[in-house]
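Me: Please take a close look at one part of this model: the place where the ligand sits. I would like to know what surrounds it and how the backbone nearby is built.

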Amino acid sequence: MAHPIVYGPAMSSYVWSARLALAEKGVTHELVDVPFGAHREEPHLARHPFAKLPAFEHDGFALYETQAIMRYVDERFAGTPLQPEDVHEWSRMNQIIGIVDAYAGPSIAETILFNRVLVPRLLGGTPDEAAIAAALPCARLCLAEIDRLMEDHRFLASDHVSLADLMVIPLLYYFGNVSDGRAPMAEHPKLENWVRHMETRQSFQVTKPPPI
Ligand SMILES: N[C@@H](CCC(=O)N[C@@H](CS)C(=O)NCC(=O)O)C(=O)O
């Protein structure tokens, strides 16, 4: 049986989340690089008509949207389940995934990290400081809410790792490593400890992108 394929650059937080799910399940996969820019052209548009990263393929089944990919991986492959059985914990997981899709992704990844890291280092441009400043309140609210929703669990939705942790960790790992994110992260020692805990997992180590 063919290995699953993830299409996208290793450094993308969404690509990283999809790969984390595969690594947590112990599934070998192939990463096919799609550099930023190439995602707006064929052949990537055929895989993802909305021109986003990642796209995914397994056994002739094509999929996009990170949370759908992660759910497929969890359901399709054996290994420790990545979705809690308890309905409250399962709903909390879904809520946190929704926060990433609707609020944390657009503010932290698409605005702050894009402008602070990708624009100067890969695109040779100047960060849009006004856009970063405008995104920071939403980023801070995401941290506050994820911290609050975590309560006193070991992981974000329960005492076991779930898709919520895998969706959030790339964003908060990156955010804690840029100047704009250090102070907001320091206001949430519980989340900082969780990041350090997630960093020790084998799945994190084997999927961690090379420095940009
Ligand atoms: N809802 C999509 C969002 C994916 C997304 O925003 N990916 C970013 C990469 S980190 C992207 O494709 N950015 C390029 C662009 O927006 O042009 C998902 O969950 O897969």
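Reply: Here is the ligand site, followed by the strands and the unusual backbone spots.

The model is predicted. Start with the pocket. The ligand takes up the space of the largest pocket. Two elements each give two or more residues to the shell around the ligand: helix H1 (13–24) and helix H4 (87–121).

Now the residues themselves. Ser12, Ser13 and Tyr14 are among those surrounding the ligand. His39 and Arg40 belong to the shell too. So do Lys52, Leu53 and Pro54. Glu65, Thr66, Asp101 and Glu110 complete the list. Sorted by class, the shell holds 5 charged, 4 polar and 3 nonpolar residues.

Three side chains place polar atoms by ligand oxygens. For Lys52, a polar side-chain atom is 2.5 Å from an oxygen atom of the ligand. For Thr66, the distance from a polar side-chain atom to a ligand oxygen is 2.8 Å. For Arg40, an N or O atom of the side chain lies 3.4 Å from an oxygen atom of the ligand. As for cover, the ligand on its own has 510 Å² of accessible area, and the protein covers 84% of that.

Next, the backbone. Pro54 is part of the shell, and the peptide bond leading into Pro54 from Leu53 is cis. Its omega is near 10 degrees. Leu53 is a shell residue as well. Pro54 sits in the loop between H2 and E3.

A cis bond also joins Glu42 to Pro43, with omega about 10 degrees. Pro43 lies in the loop that runs between strand E2 (30–32) and helix H2 (44–47). Why point these bonds out? Because most peptide bonds are trans.

Strand E3 follows the loop that holds Pro54. E3 spans residues 55–58 and runs antiparallel to strand E4, residues 61–64. The two are joined by 4 bridges. Within this pairing, Phe56 faces Leu63 of E4. E3 also pairs with strand E1 (residues 5–7), again antiparallel, through 3 bridges. There, Tyr7 has Ala55 of E3 as its bridge partner.

One more spot deserves a look: the turn of the E3 and E4 hairpin. The hairpin has 2 residues between its strands. Asp59 is in that loop between E3 and E4. Asp59 is not a glycine, yet its phi is positive, about 55 degrees. That stands out because most residues other than glycine have a negative phi.

To retrace the path: the cis bond joins Leu53 to Pro54, E3 and E4 form a hairpin, and Glu65 and Thr66 are among the residues around the ligand.

Technical notes. Residues numbered from 1 in each chain as written. Predicted model: local features only at pLDDT ≥ 70, side-chain atom pairs only at ≥ 80, totals over all residues. Heavy atoms only, no water. Pairing = 2+ DSSP bridges. Near = heavy atom within 4 Å. Polar contact = N/O pair within 3.5 Å; in protein donor to acceptor, adjacent residues only side chain to side chain. Areas by Shrake-Rupley, 256 points an atom, 1.4 Å probe, with all protein chains shown as cover. 1 Å grid on protein atoms, 1.4 Å probe; cavity = no way out; pocket = protein on both sides within 12 Å on 5 of 7 lines; lining within 4 Å. Sits in = over half its atoms within 2 Å of the grid points. Nonpolar A, V, L, I, M, F, W, Y, C, P; charged D, E, K, R; others polar.
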